[in-house]
Amino acid sequence: MPESLGALASRFGCELKGDPDTVVSRVATLANADSDALSFLASDAYRPQLANTRAAAVVLRPADLELAPTAALVSSNPYASYARMAAVLHPPAPSAAGVHPSAVVHESAELADDASIGPNAVIGERVRIGSRTIVHAGAFVGPDCELADACVVHANASLVRAVRLGARSIVHSGAVIGADGFGNAMSDSGWVKVPQVGGVRVGADVEIGANTTIDCGAVDDTVIEDGVRIDNLCMIAHNVHIGAHTAIAAMVGIAGSTRVGKRCMFAGQAGVVGHVSICDDVIVSGQAVVSKDIREPGTYAGSFTAEKAGEWTRRVARFKRLGALADRVRKLEKGGA
Amino acid sequence: MPESLGALASRFGCELKGDPDTVVSRVATLANADSDALSFLASDAYRPQLANTRAAAVVLRPADLELAPTAALVSSNPYASYARMAAVLHPPAPSAAGVHPSAVVHESAELADDASIGPNAVIGERVRIGSRTIVHAGAFVGPDCELADACVVHANASLVRAVRLGARSIVHSGAVIGADGFGNAMSDSGWVKVPQVGGVRVGADVEIGANTTIDCGAVDDTVIEDGVRIDNLCMIAHNVHIGAHTAIAAMVGIAGSTRVGKRCMFAGQAGVVGHVSICDDVIVSGQAVVSKDIREPGTYAGSFTAEKAGEWTRRVARFKRLGALADRVRKLEKGGA
Amino acid sequence: MPESLGALASRFGCELKGDPDTVVSRVATLANADSDALSFLASDAYRPQLANTRAAAVVLRPADLELAPTAALVSSNPYASYARMAAVLHPPAPSAAGVHPSAVVHESAELADDASIGPNAVIGERVRIGSRTIVHAGAFVGPDCELADACVVHANASLVRAVRLGARSIVHSGAVIGADGFGNAMSDSGWVKVPQVGGVRVGADVEIGANTTIDCGAVDDTVIEDGVRIDNLCMIAHNVHIGAHTAIAAMVGIAGSTRVGKRCMFAGQAGVVGHVSICDDVIVSGQAVVSKDIREPGTYAGSFTAEKAGEWTRRVARFKRLGALADRVRKLEKGGA
């Protein structure tokens, strides 16, 4: 949806350098922009591309303004400003209100008139779906789920049972929310399944990535607070509690009953054991394993980085001889060399 | 489904302290229980909550009986006893027998009269489905699959082809069983796909988590024995064989043709390379990598735990200087200091 | 589909030892083969099984010919030759051309007459589907996707939006291609979603595993070149570019904007951070973390292997005392012992 630079500047509180009547119709990277495109510069790594961009305008920091060969929208937070403008230029495709004839909606479900239920979607017993919420093709919204206004559940996602989504939350394709947690009691005859009777409470403005799983609580609910962002293929186990505005990159696993604070960030493939507590404002590095409580904000790490296999093999061999090395030092200390 | 304490005690062989006519109607945690709730104490960590619980009754060990302010059901294995009682109080929601009109069932499929096929589910050629087995909405049961009695396939799960499920086995939403294994032969013109013609044999009383994948065998079958429990987002590659009652936590990957014994346990994000053998009664710690045969029962580990990034960075730097440190010790040993 | 050894030898350029009129009707492992089966020997580990096989014929290297008690098809690359022969013996089950009555196809979609759209599949706006391409049950092909000829999209896979598949590419069940990348800008009011407007371009002869996710580009496209093989449960983030014929084992994560060269191989659970570049012909070991550019072909590693937990714990303790050990060596060097 094309918009003028003047309108964008005014709506999002940016200073404009350039013609307010110039119209942009799409976003583009600095390198690939054409004359109808809005681009942005938010990272130093891309600054060299600024001089040669053919964008109509660039969203950038005050300090970069003098480098811009184009019109500019100046913001102290150019990435966030760009994000908001991009949403104007590229609104989501509209979904027709109403229930597609191929969808199956249980008679006990209550749907807002302007909700949209896509082809072959299935809505279960006692489900409630709010205004402007969209359930895409093939998605399943099981018994006792409640979706607030303006949510989006993408194609083939599954909200198994007793999942509540706050307003404007998004569930991507293939995500499974509310499946049984991994509750097993050992007995003489093998594992006994522990019934998982809790639900999942997801706050407002949450985004849940493709093929991520968030299990229902064993007894009480699993809780995801407002504004949390979870990437693809993450595992949030039963009774985990994630604080507001925490961001979790792909393939992170958080085991049962663990409590994560607000505004934390997890890099990809990190793991957290069960039953621990992580305070607010903690950053966990990629593939790190958190195995006990974290009580102090800051960054926590615990993985090595890959190097040439020969060198790595030598390092591991030295690591395995550490005990012997310490013995030799002890001997030297005793004058035994 | 409410039940009296007397009936629960008698059915599950527990000693009852308290009024056998007291009726409980749901389970609850010690902290959040009300007077109609059954709770349990199986872990020392929750013992402090026992004194203040308002539960109607608590399932607990003989040693905790004197601490209980409530009625108590005494068991040497309170977690398993609780699990069985919870299944009485919270039976799964009933599914209507028969085929939902929106489901598509191939004419060659044989379904028990009391099987339940949900909305928009698809049942393929030559499929056989046993008594009381439930296939939920949008699930796919492909050609030549055989589901024994009382199985549950949850919404949007896929049994691609030639998957046999033993009695009472459960497949959670989004799980994919029987997809092609990763078989590729390098040739001068790039990778050649190796046809994957085996199936998947799953025993009785197995549970397979949400978005987990179990590939079909390349030639012979992939095998999951009775009573195995697999959590979400696990990968079981082609021709893996998992022994009975092994439990596998989330995000564990087991590569092709590996054989895992009985009663093993894998913590989250562990990995096992292909073509190795792990004996019975092995425990593998979180994010550990098993790269060769394990012939002795016990616990195996191989990951570090996260710490403050600055300290971790220093440790890694020291690790990288290990060769130099060893050289210095060697020099000292030669009297060269 | 049975075939004679003579026909197989001639079609795939193998030397035949044995009766060209012998017919084989299926593949089997050396250990489990019967007299109608074709088997193969491509790995030294299985050579001991050759002497006792009851296969009708074995595909093998010239050097193994004299060990074969059976007919033999001799190839310098027996695994690739076997793969091609297996595809003759075990062709994929045919799918009826046309659109199943339960499928939902948008009126703006253009489908080849001989394309096959399975039960309850959904095809969106402006989709184009080529000749002989099969979309299986419950799969979703969203707006603006283009599938070339002879592709296969398996049951319950989701091509969310703007995904182009080259000829003969295969998407396994549960895979999600084209979902929004993880783009979030921090602002005073929390995370702002960055619209993800790029698409995904997948080349020809690509295979994408079950429950793998490949996100759409943020602005430009995510690109998977020809002949790439990706196993199950992998994460390919927005704007990643994977070079031709690279093979990626299960549970590998590649973060945003990273560029991977041609003919690379990633073992399971490896991870690559965002915005780095990996040259052609790189092998990354299991669970290794690539955190910076790799400019030289070769093998890169970075993970430890599991050992008995007691020994591992001692190693970690020594690792944590490395600073103290270095101090002691320094003291010795100063003559302070």
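# A guided tour of the predicted model

Select strand β6 (residues 57–60) of chain A first: β6 pairs with β7(A) in the parallel sense through four bridges. Here two strands count as paired if DSSP finds at least two bridges between them; strands (E, at least two residues) and helices (H or I, at least four) are DSSP runs, numbered from the N terminus. This is a predicted model, in which local features need pLDDT of at least 70 and side-chain atom pairs count only at pLDDT 80 or more, while totals for chains, interfaces and linings use all residues. Residues are numbered from 1 along each chain as its sequence is written, and chains are lettered from A and ligands numbered from 1 in the order in which they are written.

Within the β6–β7 pair, A:Ala57 stands opposite A:Ala71. Next, add strand β2 (residues 15–17) of chain A, which runs antiparallel to β7 (residues 71–74) of chain A and is joined to β7 by three bridges. On this side of β7(A), A:Lys17 faces A:Ala72.

Now colour chain A by domain. The assignment, which comes from an automatic or database source, gives domain 1 (3–89), domain 2 (98–300) and domain 3 (308–337). Between domain 1 and domain 3 of chain A, the C-alpha centres are 56 Å apart.

Move on to A:Ile177. Two residues are in contact if their C-beta atoms, placed from the backbone, lie within 7 Å. Apart from neighbours within four places in sequence, A:Ile177 contacts A:Leu159, A:Val160, A:Val163, A:Val171, A:Val200, A:Ile208 and A:Ile214. In the largest nonpolar core, of 344 residues, A:Val141, A:Ile177, B:Val141, B:Ile177, C:Val141 and C:Ile177 touch the most other members. Such a core is a set of buried Ala, Val, Leu, Ile, Met, Phe, Trp, Tyr and Cys residues joined through C-beta atoms within 7 Å. A second, separate core has nine residues, including A:Leu325, B:Leu325, B:Val329 and C:Leu325.

Display chains A and C together. At their interface, 58 residues of chain C are in contact with 60 residues of chain A. Several elements of chain C each supply at least two residues to the side that touches chain A, among them α3 (309–320) and α4 (322–333). That side of chain C comprises 33 nonpolar, 18 polar and seven charged residues; Ala, Val, Leu, Ile, Met, Phe, Trp, Tyr, Cys and Pro count as nonpolar, Asp, Glu, Lys and Arg as charged, and the others, Gly among them, as polar. Strand β40 (residues 307–308) of chain A pairs with β39(C) in the antiparallel sense over two bridges, and A:Lys308 has C:Tyr300 as its bridge partner.

Superpose chain C on chain A: a rotation of 120 degrees with 0.0 Å of shift along its axis achieves this, with RMSD 0.1 Å. The two copies are therefore related as by a three-fold rotation axis. The fit is by least squares on the C-alpha atoms of residues with pLDDT of at least 70 in both copies. Only 17% of the interface residues of chain C are also interface residues in chain A, so the copies meet through different surfaces.

Finish in the loops of chain B. A residue is buried if 20 or more other C-beta atoms, placed from the backbone, lie within 10 Å of its own, exposed if 12 or fewer, and partly exposed in between.

- B:Arg132, between β13 (128–129) and β14 (134–135), is not a glycine yet has a positive phi of about 65 degrees; it counts as partly exposed, with 17 C-beta neighbours inside 10 Å.
- B:Asn211, between β25 (207–208) and β26 (213–214), is likewise not a glycine and has a positive phi of about 60 degrees; it counts as buried, with 31 such neighbours.
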